[in-house]
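User: I should like to learn how to read the features of a structural model, one feature at a time. Where would you have me begin?

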Amino acid sequence: MFPLHLQPESHIPLYVQLCDQLRSLVHGGELRPGDRIPASRELAVQLGVHRTTVANAYAELESEGLISGHVGRGTFICGATSARETRHVPASVGLDGGLRWEALFADERGEEGLSRLIQAAPSGAISFVMARPAAEFFPIEELRNCSNAVWRREGAEILQFGPSDGYPSLKQALLAMLRAEGYDASDENLLITDGCQQALDLLCKAFLRSGDTVVIENPAYPGALAIFAGARVRMLGVPVKTDTGPGTTPGVDVSAVEAVLMQNRVKMILLTPDFHNPTGTTMPVVERRRLLEIAARFQVPIVEDHIYARLRARGEKVPSLKQLDRSNLVIQIDSFSKIAFPGLRVGWIVAPPNVIDRLRLVKQSTDLHTGQLAQAILAEYMRRGRLSRHLERVRKAYSARLAALEQVLTRLMPAGTKWTRPEGGMCVWVELPTGFDSSELLIHVRERGVLYSPGRYFYLQNPQPNTLRLGFAGLKDREIVRGIAILNEVLRLEMRKRQRGARRADVPRVALV
Ligand SMILES: Cc1ncc(COP(=O)(O)O)c(C=O)c1O
């Protein structure tokens with residue numbers, strides 16, 4: 001079944017929406033040359049639309065050379081197509097007789113499209129694709145000094161095998177930071193990881209068997225979806241409310257979490273309550289308390305992804321789930337990736353001691369331990385008080401960038417476009433007017449040197465094609481303003497084209513016999 005989602009309430013004709021979405025599946029690599037697409041009658045039933053709508057879309061795509069229909073065989077994505085079908089070649093053997101590795105891979109990797117998008121950024125492009133730190137703030141000289149100091153002092157320890165739960169001096173430095181923030185944590189509550197991505201992997205290995213159920217936000221961080229999908233874990237997506245402002249309760253829909261827990265045996269809940277990736281939303285404290293009460297009632301652990309929480313740009317700090325937890329059911333995962341240096345690949349987990357004990361064993365069988373040079377440098381950097389100063393500096397810079405982005409969105413975006421108002425973090429979530437497909441729009445925006453992440457990469461289910469994520473932290477104010485100006489120009493141009501198209505839409509373009 002294709003991830004197609006038409007919006008009948010839109011002023012954009014359904015066949016145009018369908019064309020856009022199929023085109024973007026091809027551009028995103030989800031449909032490849034030779035893939036067969038459903039017959040128009042079949043797809044019409046699947047989408048609940050008239051067959052003429054699908055036939056019109058297919059006619060349009062065929063005229064563009066993107067698909068071709070073959071009487072009696074079906075409709076295919078164009079390219080090197082039909083030899084396989086006619087020669088009955090086994091799936092794991094290529095047309096040249098060699099091994100087709102792709103046919104042997106154990107699972108399908110959902111994030112592939114997004115990684116490709118990141119790699120494909122033309123040089124000089126203004127890229128809103130990534131939610132990552134700005135490289136101009138990396139304190140290379142200070143880190144070099146820290147590195148020299150640790151080599152001189154503890155070179156032999158760094159080069160030797162070390163404890164799986166982490167390099168002792170980094171654990172001490174992190175515990176000092178956590179205690180200063182009000183956490184009641186000691187050495188047995190802490191395990192160092194290669195970052196939050198590895199933390200998710202370790203938790204998955206420690207707790208989840210194939211077929212177990214986890215609750216996850218929809219949309220969510222694609223790296224988490226990939227971990228669970230790879231482990232054949234059943235994911236149940238709960239909507240994230242993106243309305244912000246007075247009287248709203250942004251963040252995961254807690255009532256929906258409760259409804260899911262009532263009807264399913266859930267093994268774990270994974271949430272990013274602060275500056276959620278991709279929507280930027282933050283759960284209010286009342287909702288956090290309600291969630292904790294529900295999780296305690298059903299005795300389901302919560303994994304709190306705390307990776308963005310220290311990047312607050314404005315507003316009152318909200319206590320973390322871990323800080324509010326009175327039932328000992330929160331595992332917090334965290335990382336230096338967003339607050340400092342993602343390339344060092346260091347993060348940590350705060351959890352009850354028996355959980356840490358188990359995770360230590362899992363970590364041992366995964367990679368023995370995280371690289372000790374990176375841990376020792378970070379420990380020294382923290383010990384010298386540099387991390388808090390760095391964090392203060394980047395927090396201010398990202399906060400100014402967020403303000404610049406909001407200002408230009410408010411000034412330029414056409415009516416019908418909505419976006420979230422994050423209180424920090426690294427991304428803003430945009431909803432284009434209904435009926436627009438952000439993946440299709442990206443093709444035109446990219447031609448003008450601008451990139452963003454289409455929303456569909458973040459959805460577990462029910463993707464909203466008109467959404468997109470803007471990662472702003474790595475861009476300077478002037479790049480943000482220029483990038484949004486280009487997005488606005490392309491969007492308005494497309495709107496005008498579609499309005500013209502809408503006037504033609506009532507006329508059937510294909511005679512169906
Ligand atoms: C919500 C979330 N969790 C985890 C990660 C991965 O973090 P790390 O670099 O610490 O592995 C990211 C990275 O983008 C993220 O956005």
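Analyst: Let us begin with the ligand; please bear in mind that this is a predicted model. A first step is to ask what kinds of residue form the surroundings. The shell around the ligand here divides into 4 nonpolar, 5 polar and 3 charged residues.

User: Which residues are around the ligand?

Analyst: They are Gly 195, Cys 196, Gln 197, Tyr 221, Asn 277, Asp 305, Ile 307, Tyr 308, Ser 335, Ser 337, Lys 338 and Arg 345.

User: How should I read the polar contacts of the ligand, and which atom of the ligand does Asp 305 approach?

Analyst: One looks for pairs of N or O atoms within 3.5 Å. A polar side-chain atom of Asp 305 lies 2.6 Å from a nitrogen atom of the ligand. Oxygen atoms of the ligand also have such partners: a polar side-chain atom of Asn 277 is at 2.7 Å from one oxygen atom, and a backbone N or O atom of Gln 197 is at 2.8 Å from an oxygen atom. As for cover, on its own the ligand has 390 Å² of accessible area, and the protein covers 91% of this.

User: Let us turn to the sheets. In what order do the strands of the 8-stranded open sheet stand?

Analyst: The order is E5-E12-E11-E10-E9-E6-E7-E8, and the pairing is mixed. The edges are held by strand E5 (190–193) and strand E8 (251–252); each has a single partner strand, so one side of each is left without a neighbour in the sheet.

User: Do strands E6 and E7 run parallel or antiparallel?

Analyst: Strand E6 (residues 213–218) and strand E7 (residues 234–241) run parallel and are joined by 6 bridges. As an example of residues facing one another, Ile 216 stands opposite Gly 237 in E7.

User: Which helices pack on this sheet, and at what angles?

Analyst: Helix H9 (residues 222–230) lies across E6, E7 and strand E9 (268–271), at about 155° to E6. Helix H13 (residues 353–367) touches E5, strand E11 (330–335) and strand E12 (347–350), and its direction makes about 25° with that of E5.

User: How does the 3-stranded open sheet compare in its order and pairing?

Analyst: Its strands follow the order E1-E3-E2, with antiparallel pairing. Strand E1 (36–37) and strand E2 (67–70) are at the edges with a single partner strand each, so each has one side without a neighbour in the sheet. Between E2 and strand E3 (residues 74–77) there are 4 bridges, and Gly 69 has Thr 75 in E3 as its bridge partner. Helix H3 (residues 51–63) packs on this sheet, where it touches E1 and E2, and its direction makes about 110° with that of E2.

User: Finally, what should I look for in the backbone itself?

Analyst: Two angles repay attention: omega for the peptide bond and phi for the residue. The peptide bond from Asn 218 to Pro 219 is cis, with omega near 5°; Pro 219 sits in the loop between E6 and H9.

User: Where does Pro 278 lie, and what kind of peptide bond joins it to Asn 277?

Analyst: Pro 278 lies in the loop between E9 and helix H11 (285–298). The bond joining Asn 277 and Pro 278 is cis, with omega of about 20°. Asn 277 is also one of the residues around the ligand.

User: And which phi value does Leu 368 have?

Analyst: Leu 368 has a positive phi of about 65°, although it is not a glycine. Leu 368 is found in the loop between H13 and helix H14 (372–383).

Methods
Residues are numbered from 1 along each chain as its sequence is written. This is a predicted model: local features need pLDDT of at least 70, side-chain atom pairs count only at pLDDT 80 or more; totals for chains, interfaces and linings use all residues. Side-chain values use heavy atoms; hydrogens and water are left out. A residue is near a molecule or strand if one of its heavy atoms lies within 4 Å of it. A polar contact is a pair of N or O atoms within 3.5 Å; within protein, one must be able to donate a hydrogen and the other to accept it, and residues adjacent in sequence count only if both atoms are side-chain atoms. Accessible areas come from the Shrake-Rupley method with a 1.4 Å probe; for residues, only the protein chains shown count as cover. Ala, Val, Leu, Ile, Met, Phe, Trp, Tyr, Cys and Pro count as nonpolar, Asp, Glu, Lys and Arg as charged, and the others, Gly among them, as polar. Two strands pair if DSSP finds at least two bridges between them. Helices (H or I, at least four residues) and strands (E, at least two) are DSSP runs, numbered from the N terminus. Contact means heavy atoms within 4.5 Å. Axes are lines fitted to C-alpha atoms, for helices over the stretch in contact, and angles run from 0 to 180 degrees between N-to-C directions.
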